[in-house]
Amino acid sequence: MLIHEGPTLTQERYDEIVRRLSGGSGRLESTSDWPVDGLLMHVAGQSPTGFRVVDVWESEAACRQFAEVLKPILAEVGVTDQAVLYPPHAFVTT
């Protein structure tokens, strides 16, 4: 489970990151739209400390593979807050 939040992660920067990840379409509507395999869930929204993104990945390796794609984009758009990777205790889906 990856949680990314903080003052430099704004909704505007998130939207720009999505534009870059989606090749300009500005939409990531399915887990298959991500540039790497293994995403199980993605949620993004405003929090008291800034914009918050929560991803659940099928493995730490898949998450780290995505991080290699994402890190340069974060730097380009000015997001300096560090994401935190947690091992999930439980994950329930329909």
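Which residues in helix α1 (residues 11-21) are buried? They are Y14, I17, V18 and L21, where buried means under 20% relative accessible area, exposed over 50%, and partly exposed in between (1.4 Å probe, protein chains only). These residues cover an arc of only 100° around the axis, so they sit on the same side of α1; the arc is that of the directions from the helix axis to the C-beta atoms. An α-helix has 3.6 residues a turn, so residues three or four places apart point the same way.

A word on the source before going on. This is a predicted model, in which local features need pLDDT of at least 70 and side-chain atom pairs count only at pLDDT 80 or more, while totals for chains, interfaces and linings use all residues. Residues are numbered from 1 along each chain as its sequence is written, and side-chain values use heavy atoms, with hydrogens and water left out.

**The overall picture**

The protein has two helices and four strands, and from the N terminus on they run β-α-β-β-α-β. Helices (H or I, at least four residues) and strands (E, at least two) are DSSP runs, numbered from the N terminus. The C-alpha atoms fill a box of roughly 30 × 30 × 25 Å along the principal axes. With 94 residues, a compact globule would have a radius of gyration near 12 Å, and the 13 Å of the protein agrees with that; the radius is taken over C-alpha atoms, and the globule rule is 2.2 Å times the number of residues to the power 0.38.

Of the 94 residues, 34% count as buried. Among contacts (heavy atoms within 4.5 Å) with a separation of 6 or more, 64% come from residues 24 or more positions apart.

**Around helix α1**

What lies over the buried residues of α1? The cover includes β2 (39-47), β3 (50-57) and α2 (60-77). One residue of α2 is I73, which touches I17, R20 and L21, not counting residues up to four places away in sequence. I73 and D15 are 58 residues apart in sequence and 12 Å apart in space, C-alpha to C-alpha. After α1 comes G23, whose phi is positive, near 70°.

**Four residues to look at**

Here are four residues with their places and relative accessible areas.

| Residue | Place | Relative accessible area | Class |
|---|---|---|---|
| T8 | loop between β1 (2-6) and α1 | 18% | buried |
| P35 | loop between α1 and β2 | 39% | partly exposed |
| L39 | strand β2 | 6% | buried |
| I73 | helix α2 | 11% | buried |

Their partners are worth following in the viewer. The contacts below leave out residues up to four places away in sequence. T8 touches R13, G78, V79, T80 and D81. P35 is in contact with L21, F66 and V69. The C-alpha atoms of P35 and L70 are 9.4 Å apart in space, with their positions 35 residues apart in sequence.

Which residues does L39 touch? They are T31, W34, D55, V56 and W57. The C-alpha atoms of L39 and P87, 48 residues apart along the chain, are separated by 14 Å.
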